[in-house]
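Colleague: I would like a close look at a single part of this model, the place where one helix meets its neighbours. Please take me through the contacts there and then put them in the setting of the chain.

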Amino acid sequence: MYPTSAINRRAQVPKTTGAGTAGEPLALPNPQVQELEDELKVTRMGTLHALTMMLDIKDVKTGRHATRVAEWAVRVAERMGLDDEELRDLEIASILHDIGKVGIPDAILLKPGRLTDSEMRLVKRHPEFGWAMLRSIPGFERVSLQVLHHHERFDGGGYPSGLAGEAIPLGARIVAVVDTFDAMMSNRPYRRGLGVSEILDRLEPEQDAQFDGEILRLFLDIAGEHVGEVGQIRGPSL
Ligand SMILES: [Fe+2]
């Protein structure tokens, strides 16, 4: 299932070398550097695969939700003009944003009723748990920070750090928007998912409150265009 179809689309675009322009040196790839980069890529994809399998085993719905969040996030980021490396990190962070929930007991995570205050406090620690899991993996440094801050609010009222505005990593601000949208669309044991227009109406007043207004406005445009396609994603399965 991974990477997202957005990443696959970009991978199909042949890259230009920049060579051939008059007076410009021919940039030949160093075979050893290329080999190391390829090895790192394989290691990164293997790590990502192992972690997403763990997400699936823990709760399939979380894995499917994560796949749609990644698809939305990459589409927003592409529209914002982020470079390939930033897109790659954002895609991984989107897939793994709730991985810290493996540290929350099922009795709490799947509890049908209302959570107690202490249960809620524990659930709210999942960004920290995710960061702690990912931060020491080579190549996941930026990803781990995006995971850590995906529940911050643009106005500073979120958690775990209470960061505000652009102090919140850009990737985390994107995930915050698309994660909320997809969660509202999804069916829950206690309610049916909301319709797109109702969700968009509810999100709009959150510009520069819960969410970065620029990202939210961009997403509202994209969501209207692509909801049929992304909504069909059923995500990875075992
Ligand atoms: Fe989360």
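**Helix α4 and its neighbours**

Modeller: In this predicted model, Asp89, Leu90, Ala93 and Ser94 of α4 meet Gly171, Ile174 and Val175 of α9. By residue class, this contact of α4 with α9 divides into four nonpolar, two polar and one charged. The axes of α4 and α9 are 10 Å apart and pack at an angle of about 45°, which makes α4 oblique to α9. Their crossing is right-handed.

The spacing of the α4 residues can be read against helix geometry. An α-helix has 3.6 residues a turn, so residues three or four places apart point the same way.

Helix α4, residues 84–95, also packs on α8, with the axes 9 Å apart and an angle of about 45°. α4 and α8 are therefore oblique to each other, and α4 passes α8 in a right-handed crossing. On the α4 side the residues are Asp89, Leu90, Ile92 and Ala93, and they meet Arg142, Val143, Gln146 and Val147 of α8. This contact divides into five nonpolar, one polar and two charged residues. Asp89, Leu90 and Ala93 are thus named in the contact with α8 and also in the contact with α9.

Leucine 90 deserves a separate look. This residue lies in helix α4 and is buried, since 26 other C-beta atoms lie within 10 Å and 20 or more are enough to count as buried. Leaving aside neighbours within four places in sequence, leucine 90 is in contact with Ala73, Val74, Ala77, Leu82, Gln146, Gly171 and Ile174. Gln146 is one of the α8 residues that meet α4, while Gly171 and Ile174 are among the α9 residues that do so. Leucine 90 and glutamine 146 are 56 residues apart along the chain, yet their C-alpha atoms are separated by 7.8 Å.

From the α9 side, isoleucine 174 gives the matching view. Setting aside its neighbours within four places in sequence, isoleucine 174 is in contact with Ala73, Val76, Ala77, Leu90 and Ile215. Ala73 and Ala77 are also in the contact list of leucine 90.

Next, α8. Its buried residues are Val143, Ser144, Gln146, Val147 and Leu148, and these pack against α4, α7 and α9. The axes of helix α7 (residues 126–134) and helix α8 (residues 141–148) come within 8 Å and cross at roughly 170°. α7 and α8 are therefore roughly antiparallel to each other. Pro127, Glu128, Gly130, Trp131 and Leu134 of α7 make this contact with Val143, Ser144, Val147 and Leu148 of α8. Its residues divide into six nonpolar, two polar and one charged. Val143 and Val147 belong to the α8 side of this contact and are also named where α8 meets α4.

These helices also share in a nonpolar core. The largest nonpolar core has 38 residues, and those with the most contacts inside it are Ala73, Val76, Leu96, Ile174, Val175, Val177 and Val178. At least two residues each come from α2, α3 (60–80), α4, α7, α8, α9 (170–185) and α11 (213–231). The largest share, eight residues, is supplied by α3. Ile174 and Val175, both in that list of core residues, are the residues of α9 that meet α4 together with Gly171.

For the wider setting, the chain has eleven helices and zero strands. Buried residues make up 32% of its 238 residues. Among contacts between residues at least 6 apart in sequence, 63% join residues at least 24 apart; leucine 90 and glutamine 146, 56 residues apart, are in contact.

Two loop details remain. Tyrosine 159 and proline 160 are joined by a cis peptide bond, with omega about 10°, and proline 160 is found in the loop between α8 and α9. Aspartate 208, although not a glycine, has a positive phi of about 60°. Its place is in the loop between α10 (196–203) and α11, and with 13 C-beta neighbours inside 10 Å, aspartate 208 counts as partly exposed.

Technical notes
Residues are numbered from 1 along each chain as its sequence is written. This is a predicted model: local features need pLDDT of at least 70, side-chain atom pairs count only at pLDDT 80 or more; totals for chains, interfaces and linings use all residues. Axes are lines fitted to C-alpha atoms, for helices over the stretch in contact, and angles run from 0 to 180 degrees between N-to-C directions. Helices (H or I, at least four residues) and strands (E, at least two) are DSSP runs, numbered from the N terminus. Angles under 35 degrees count as roughly parallel, over 145 as roughly antiparallel, 65 to 115 as roughly perpendicular and the rest as oblique. Two residues are in contact if their C-beta atoms, placed from the backbone, lie within 7 Å. Ala, Val, Leu, Ile, Met, Phe, Trp, Tyr, Cys and Pro count as nonpolar, Asp, Glu, Lys and Arg as charged, and the others, Gly among them, as polar. A residue is buried if 20 or more other C-beta atoms lie within 10 Å of its own, exposed if 12 or fewer, and partly exposed in between; C-beta atoms are placed from the backbone. A crossing is left-handed if the near helix is turned anticlockwise from the far one by less than a right angle, and right-handed if clockwise. A nonpolar core is a set of buried Ala, Val, Leu, Ile, Met, Phe, Trp, Tyr and Cys residues joined through C-beta atoms within 7 Å.
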